[in-house]
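Reader: I'd like to learn how the labels people put on a structure are earned. Could you take me through some?

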Amino acid sequence: MPPTPTIHLAPLSDPHSSLRPLEALTPLEQLAITKTIRGDRQPSYWVAPASVDDASQILCQAAAERWQILASGSGSKLSWGGLVQQADLVLSSQNLRGILDHAAADLTVTVESGVKLADLQAFLEPHQQFLPLDPAYPDQATLGGIMATADAGSWRQRYGGVRDLVLGFSFLRWDGKVAKAGGKVVKNVAGYDLMKLFTGSFGTLGFITQVTLRLYPIPPVSRTLFLSGPADKMAIAAQTLLSSGLTPTAADLLSPELVRVLGLGKTLGLLVRFQNISESVQEQCQQLEQIANSLALAQTSYQDDSEKTLWQRLQTQMTVLTSPEAVTCKLGVMPSQAVNLLEPLAGLGQIHLKSGLGRLAFPELSSINALQQQRILCQNYRGFLTVLEAPRSLKTQFDPWGYDGNGLDLMRRLKQQFDPQQIFSPQRFVGGI
């Protein structure tokens, strides 16, 4: 095994920038990095610049020395996706945490990429505004990391995904130069394709430094209905809800095992959340209750603290690993096939009704073959299955992405154009990009 190179960084201009050897990190931070690297050669340093100028300087030096960099936010999703062959340096945005501009009247905010979602929500709450994202690890997740992983959550039903909320952003290229796309107003669509390109790119195209986001008013009233019953009737209920005039902010189908773990029953479940003025929430809940009654489905209503607790428990079950061998996945299927996928599922499954996107979690995976069969089933339903979190040994035997379609050549050309020296997180993305 070749020795780990010694990294000599030029003096950083900002004294608040952090530079630490890998062994000085916390055990959890070290574990996340270890699970991301395919081989035994670990990065020499973790560095968190406190300014964009320092980050630019680091990338200039990386280009000159041909270092390979693993881009990171807080590190909560660093081990998602493919394995990096090697990395000389972990470049973190966690010290870039300024809220730069809040146009309350325009419902937009511009933040540095290291701002945590929880901190932004706390800043917006006095203005009665919020960012409708519900990602994994919401207390740790940074806005740059959420954009890089396209991790939206259940609010996608009403507000769309990450790419629907990003109005503009800035990033550092491989040579340390700043590039920008989009703007600060909702009507500005310049650079929209570039924003879509970077959303979900897993840090392989550039280092995100700033993000401008679209906000929404905090709904005054919230209520959730849980429906459960046999698969055939749940399929009818889901389709009726989608074709109705009801406008839930979240609508998730839950597998029988997930319903059981949450203590809600033993059959398929449907969580539907309405958030609006009181009259609207009451009327829409009554309409959904009528649908459930016509199908003889069991139903339970949640409000206030009980509702908040229910959604928090759901998120914890689907994202927090209970053992080192646990596996979490992102999936997508045709929405009309969601019930067919979840009903026989042995693991924990959650699918957002409108988009067909969702999560699978296996606290204990019986075999790699079982995971492969699940991927084949998703593909048969015109979808996909991506392994996010898993033991490194599994990812060396099972391609986390499982994509070999016609788009690979285009993706490789884009990677070459944006990162010609293969500096950013090489091999972490689809097809070893």
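Author: Sure, starting with leucine 241: leaving aside neighbours within four places in sequence, leucine 241 is in contact with Leu246, Ala251, Leu270, Val272, Leu288 and Leu353. Contact means heavy atoms within 4.5 Å. This is a predicted model, where local features need pLDDT of at least 70, side-chain atom pairs count only at pLDDT 80 or more, and totals for chains, interfaces and linings use all residues. Residues are numbered from 1 along each chain as its sequence is written, and side-chain values use heavy atoms, with hydrogens and water left out.

Reader: What makes cysteine 329 buried?

Author: Buried means under 20% relative accessible area, exposed over 50%, partly exposed in between (1.4 Å probe, protein chains only). Cysteine 329 has 1%, so cysteine 329 is buried. Cysteine 285, at 0%, is therefore buried as well.

Reader: How do you know that the disulfide count is what it is?

Author: A disulfide is a pair of cysteine sulfur atoms within 2.5 Å, and the count here comes to 0. For cysteine 329, the nearest cysteine sulfur, that of cysteine 378, is 8.6 Å away, so cysteine 329 is in no disulfide.

Reader: Which residues have the most contacts inside the largest nonpolar core?

Author: Leu241, Leu253, Leu270, Leu288, Cys329, Leu371 and Val387, in a core of 41 residues. A nonpolar core is a set of buried Ala, Val, Leu, Ile, Met, Phe, Trp, Tyr and Cys residues joined through side-chain atoms within 4.5 Å. A second, separate core has 32 residues, including Val109 and Phe171.
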